[in-house]
Structure formats: C-alpha cells, structure tokens
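Trainee: I would like to go through this structure step by step. Where should we begin?

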Amino acid sequence: MNDLPMDEILSSAIQKLDAWLNTNGWAGYDPYDIKGHPVWFKLSQLGREASPIQKVQRRLLFSLEPRFPMVCRKVLRIKKQVNAKAMGLFASAYINLYHAEKQECYLKQARQCINWLLKTPSQGYAGFCWGYPFDWQSRVFIP
C-alpha cells in the first residue's frame, strides 16, 4: 500500500490531471459521439428492409464499437470536441480548488472554462444554453 497521506495522493492526482489538460486541451471523445455519425445513424435506422450485407455491417459496427471505441472513431473520422457540460464541471472543480488551495492558477483555469462557455452558447435560443457538440439520437434524431 501507499504510505503517503491521502491529501498528498489527492494533490498529486489533481496536479497530474491539470497538467494533462494543459497539454492535451479541453477536447475529448464522448461515449455517444459515434451515434450521431451518418453511418451509425443510417445503420441504426434500418429495419426489416435491410439487406443481408447491411445487417452484417450493422452487427459488426454495433459489436466493435464497445470493444474498440478508439479504432471505430478513427475509422469513422470522429474528431475530439469540447463538451459544454464538461467545461461547466471543470469550472466548478477549479473554483472549488481555488477556495481550498488559494492558488491563482485554479482561478485562471476556471475563468478560461467560463469564458469558453460565454463565447459558445447554442445559437437560435433565447439566453444562454448549450447542447452536445455532435448530433445524437434517442427515439428521435436531435441535431
């Protein structure tokens, strides 16, 4: 077991995550981003009228994606994107870190997240609102 005190372990984990974010940026993949891709959407909409080849393609894609999510995203050319919900959660976490640690770097990170949110609201709605950065479907297709 680790002999370090829990606050040192937590502090180290926070510093590593913060360094990773600074190196890699805010963009990433979402578990549902692939489901808005035209190929996925088309295959998921096929009913009984699907050809045997389409049925095999659907079964193949739907079974490979959970096992090899990164490979499927590369093949379908799905790009990493910034997610508004994540930016809100990052802002909240950085504000909490600032209150706990009193380090200006955390306040700066929180401001970056909030500024991103202020600059990128969804268009066509009254007030501030955000959605997913990709099309998705539930019972209906939502762009």
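**Loops, helix pairs and cysteines**

Mentor: The place of Lys102 is in the loop between helix 5 and helix 6 (104–119). Keep in mind that this is a predicted model.

Trainee: What is the phi of Lys102, a residue other than glycine?

Mentor: Most residues other than glycine have a negative phi. Lys102 has a positive value instead. Its phi is near 60°.

Trainee: Is Lys102 buried or exposed?

Mentor: The cut-off for exposed is over 50% relative accessible area. Lys102 has 58%, so Lys102 is exposed.

Trainee: Which loop holds Arg77?

Mentor: Arg77 is not a glycine, yet has a positive phi of about 55°. Arg77 is also exposed, with a relative accessible area of 72%. Its loop is the one between helix 4 (69–75) and helix 5 (84–101).

Trainee: How are helix 5 and helix 6 oriented to each other?

Mentor: Two packed helices are described by the angle between their axes and the distance between the axes. Here the axes lie 8 Å apart, at an angle of about 155°. Angles over 145 degrees count as roughly antiparallel. Helix 5 and helix 6 are therefore roughly antiparallel.

Trainee: What is the handedness of the crossing of helix 5 and helix 6?

Mentor: The angle of about 155° does not name the hand. The crossing of helix 5 and helix 6 is left-handed.

Trainee: How do the residues of the contact of helix 5 with helix 6 divide by class?

Mentor: On the helix 5 side, the residues include Met87, Phe90, Tyr94 and Glu101. They meet helix 6 residues, among them Leu107, Cys113, Ile114 and Trp116. The contact divides into 15 nonpolar, two polar and two charged.

Trainee: What about helix 2 and helix 3: how is helix 2 oriented to helix 3?

Mentor: Helix 2 (residues 38–45) and helix 3 (residues 52–67) have axes 10 Å apart. They pack at an angle of about 120°. That makes helix 2 oblique to helix 3.

Trainee: Which residues in helix 3 does helix 2 meet?

Mentor: Helix 2 passes helix 3 in a left-handed crossing. From helix 2 come Val39, Trp40, Lys42, Leu43 and Ser44. They meet Gln54, Gln57, Arg58, Leu61, Phe62 and Glu65.

Trainee: How many nonpolar, polar and charged residues has that contact of helix 2 with helix 3?

Mentor: Val39 and Lys42 are among the helix 2 residues, and Gln54 is one of those in helix 3. By class, the contact has five nonpolar, three polar and three charged residues.

Trainee: Turn to the cysteines. How many disulfides does a search of the whole structure find?

Mentor: A disulfide is a covalent bond between the sulfur atoms of two cysteines. The closest cysteine sulfur to that of Cys105 is 13 Å away, in Cys113, so the pair is too far for a bond. For Cys129 the closest is also in Cys113, at 19 Å, again too far for a bond. The search finds zero.

Trainee: Are Cys105 and Cys129 buried, exposed or in between: what do they count as?

Mentor: The range in between starts at 20% and ends at 50%. Cys105 has 37% relative accessibility. Cys129 has a relative accessible area of 23%. Cys105 and Cys129 are each partly exposed.

Trainee: Last one. What distance separates the C-alpha atoms of Trp20 and Asp135?

Mentor: Trp20 lies in helix 1 (residues 6–24). At 45% relative accessibility, Trp20 counts as partly exposed. Trp20 and Asp135 are 115 residues apart along the chain. Their C-alpha atoms are separated by 27 Å.

Key
Residues are numbered from 1 along each chain as its sequence is written. This is a predicted model: local features need pLDDT of at least 70, side-chain atom pairs count only at pLDDT 80 or more; totals for chains, interfaces and linings use all residues. Side-chain values use heavy atoms; hydrogens and water are left out. Axes are lines fitted to C-alpha atoms, for helices over the stretch in contact, and angles run from 0 to 180 degrees between N-to-C directions. Helices (H or I, at least four residues) and strands (E, at least two) are DSSP runs, numbered from the N terminus. Angles under 35 degrees count as roughly parallel, over 145 as roughly antiparallel, 65 to 115 as roughly perpendicular and the rest as oblique. A crossing is left-handed if the near helix is turned anticlockwise from the far one by less than a right angle, and right-handed if clockwise. Contact means heavy atoms within 4.5 Å. Ala, Val, Leu, Ile, Met, Phe, Trp, Tyr, Cys and Pro count as nonpolar, Asp, Glu, Lys and Arg as charged, and the others, Gly among them, as polar. A disulfide is a pair of cysteine sulfur atoms within 2.5 Å. Buried means under 20% relative accessible area, exposed over 50%, partly exposed in between (1.4 Å probe, protein chains only).
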